[in-house]
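The following exercises are each set out as a task and a worked solution. Please keep the sequence and the model in view while working through them.

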Amino acid sequence: MVQIPHPDGAAADGQRRVAAIDIGTNSIHLLIAAIDPLLHSFNVVLVEKATTRLGERDPISGALSPQSLERAFLTLGHCRELALSHGVEQIVTAATSAVREAPNGREFLQDLEDQLGLAVDLVSGPEEARLIYLGVLSGFSFGETPHYILDIGGGSTELILADGRDARALTSTRIGAVRLQREFCQQDPLPPSRRSFLEAYIQGSLDPAVAQVKGQLKAGEKPVLVATSGTAMALAALAAAEDDGKPSVKLNGYRLSRERVDQLVARLVALTPEQRRALAPINERRAEIIVPGALILQTCMAMLQVQELVVCDRALREGLIVDWMLRNGLLGDRFAFQSTIRERTVRHLARTHGVDLLRADRVAAHALALYDQTRGLLHEDTGPGRLLLWAAAQLHTCGKQINIAAYHKHTWYLIRHGELLGYCEADHLMVAAIARYHRRGLPKKRHESWQQIKGRDNRQTVASMALLLRLAAALDRRPADGIAAVQVEAEGSRNGGPATLVVTLLAAAGNGPPPDLSLERWSLRSCGPAVLEAAGLRLKVPEP
């Protein structure tokens, strides 16, 4: 995500412009949106797409090829300049399957930041599915009916069960049009035996996802299937051209029966690549991968037992805009439940691992109080770190269910490999690392948890937020909380020595005598060496 200082602020019409870039396995999409803060809506100003084929990776190492990287750099440089020319205040980004899986994917993202100034969010499969859901919801009325959403990408296929309030199931499967074309379609047209093998492979790959979405259905529900992505749009365009004699300009909402899909697939599979390229509704690049993509769509319809699909032209890139609006308080109503996705997914992970939620809330409250009072003393964060600190405070004890003695290390593992929707990979790693370093030793270069934090700014955020969490966790010494407030002030240095951080604990008032906080003061003083080493400050905890 790139924040761009813009001297004019909002446009003269009061609208705010934001750009979204979706770095996919087959294509890179740019969308520029004009957001109306009063109407809580957005309209699309510009859409661009370039086929960069990041999915054309080295067959042995799986690395992104030099040719695909060059194409991506050129395209993203163009996207950035185009976005800036429209006066956007922010560029939000997402890299998906190809970059997630490639050994040099993170190196590619670092080069983008160093050379183009684009900080790209690497999103997980379920997070990609959530963003697709948001994009579809922004342009499609769900009403009271549950919907399947199917997005066939170049490297992965997302299958979602959702209604107008929330997504019930978010799945991502490692099959996509580019991936299958590369691995299974060396002969084109496909021989019947090869087609049967590919269909069986697709079905086996989709089985877990289909079972998951079907398992979330309530008795009597019959979801509508919404299909997004280039494959669905190409099939709809082909059908519309056959019906009307010319390509359709507007495909959003176009309906295709399962019987019609079967007919289109049978036709496409029998054609040579040259014959598919000659079809007016299908461009040259899409002609190369339309067959495996169409087989995914056809197989999924059969497995879901649906007789019709409706095409939606909104997906991940629009979802990025909606997610930005949610984070900035510009959406409500049907998106209100999604606006709390970060909090809900953190609490869900905490419950999964047996965290005492009342105590976690207390530690989080102490951590945020310390954060608010120590800007300029223990950290220079301007806001993003506060959200990460809250999440880490909620989850910092989840490793206790594995091993009490070294629970901070197990906590890191559980958070790292858990699912945190609403968080990009960099934020996810930072939450895990903040929780990891809330006790025992400070970060060291040899630690895997530290090596995975990229960039000096991110490492500084982790180090400072972990120190705040260390202090807050030190106050959590007993089941009942006796602390009413934590007050922080700084005392100047004497004789050229380090300054002093003074932390005063105020006991909670009650009917009886105030609680004795000597245990909490002792525990807090034990953090003194870490505060001195990390922040260069002496820690003082005065007696009442």
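**Exercise 1. Determine which residue stands opposite V502 in β14, and place that pair in its sheet.**

Step 1. V502 stands opposite K540 in β14. The model is a predicted one, in which local features need pLDDT of at least 70 and side-chain atom pairs count only at pLDDT 80 or more, while totals for chains, interfaces and linings use all residues. Residues are numbered from 1 along each chain as its sequence is written, and side-chain values use heavy atoms, with hydrogens and water left out.

Step 2. Strands β13 and β14 run parallel and are joined by 3 bridges. Strands (E, at least two residues) and helices (H or I, at least four) are DSSP runs, numbered from the N terminus. Two strands count as paired if DSSP finds at least two bridges between them.

Step 3. On the other pairing, β12 and β13 (residues 500-507) are antiparallel over 8 bridges. Here Q487 stands opposite T504 in β13, and A490 stands opposite L501.

Step 4. The result is an open sheet of 3 strands with mixed pairing, in the order β12-β13-β14. Because β12 (483-491) and β14 (538-540) each have a single partner strand, they stand at the edges, and one side of each is left without a neighbour in the sheet. The twist from one strand to the next averages 20°.

**Exercise 2. Describe the sheet of 6 strands and the helices that pack on it.**

Step 1. The strand order of this open sheet is β8-β7-β6-β9-β11-β10, and its pairing is mixed. At its edges are β8 (167-173) and β10 (255-257), each of which pairs on one side only. The average twist is 20° from one strand to the next.

Step 2. Strand β9 (residues 224-228) pairs with β11 (residues 308-311) in the parallel sense over 3 bridges. A227 has V311 as its bridge partner in β11. Helix α6 (residues 192-215) packs on the sheet and touches β6, β7 (157-162) and β8, with a direction at about 180° to that of β8. Helix α8 also packs on the sheet, touching β10 and β11, and its direction makes about 80° with that of β10. Contact here means heavy atoms within 4.5 Å; angles run from 0 to 180 degrees between N-to-C directions, and axes are lines fitted to C-alpha atoms, for helices over the stretch in contact.

Step 3. L225 stands opposite L309 in β11. L309 is also the bridge partner of L256, and β10 and β11 run antiparallel, joined by 3 bridges.

**Exercise 3. Characterise the packing of α7 against α8.**

Step 1. Two packed helices are described by the angle between their axes and the distance between the axes. The axes of α7 (residues 229-244) and α8 (residues 258-270) come within 11 Å and cross at roughly 95°.

Step 2. The two helices are therefore roughly perpendicular to each other. The cut-offs are under 35 degrees for roughly parallel, over 145 for roughly antiparallel, 65 to 115 for roughly perpendicular, and oblique for the rest.

Step 3. L235, L238, A239, E242 and D243 in α7 meet R260, L264, R267 and L268 in α8. By class, this contact has 5 nonpolar, no polar and 4 charged residues. Ala, Val, Leu, Ile, Met, Phe, Trp, Tyr, Cys and Pro count as nonpolar, Asp, Glu, Lys and Arg as charged, and the others, Gly among them, as polar.

**Exercise 4. State which element gives the largest share of the lining of the second largest pocket.**

Step 1. The lining comprises 43 residues, and H29, K49, S229, G230 and M233 lie nearest the pocket's centre. On a 1 Å grid over the protein atoms alone, a pocket is an open set of points where a 1.4 Å probe fits, with protein on both sides within 12 Å along at least five of seven lines; lining residues have an atom within 4 Å of a point.

Step 2. The largest share, 5 residues, comes from α7. By class the lining has 16 nonpolar, 17 polar and 10 charged residues.

**Exercise 5. Locate P189 and R53, and give the backbone feature of each.**

Step 1. P189 lies in the loop between α5 and α6. The peptide bond from D188 to P189 is cis, with omega near 10°.

Step 2. R53 is found in the loop between β4 and α1 (66-85). Its phi is near 55°, a positive value in a residue other than glycine.
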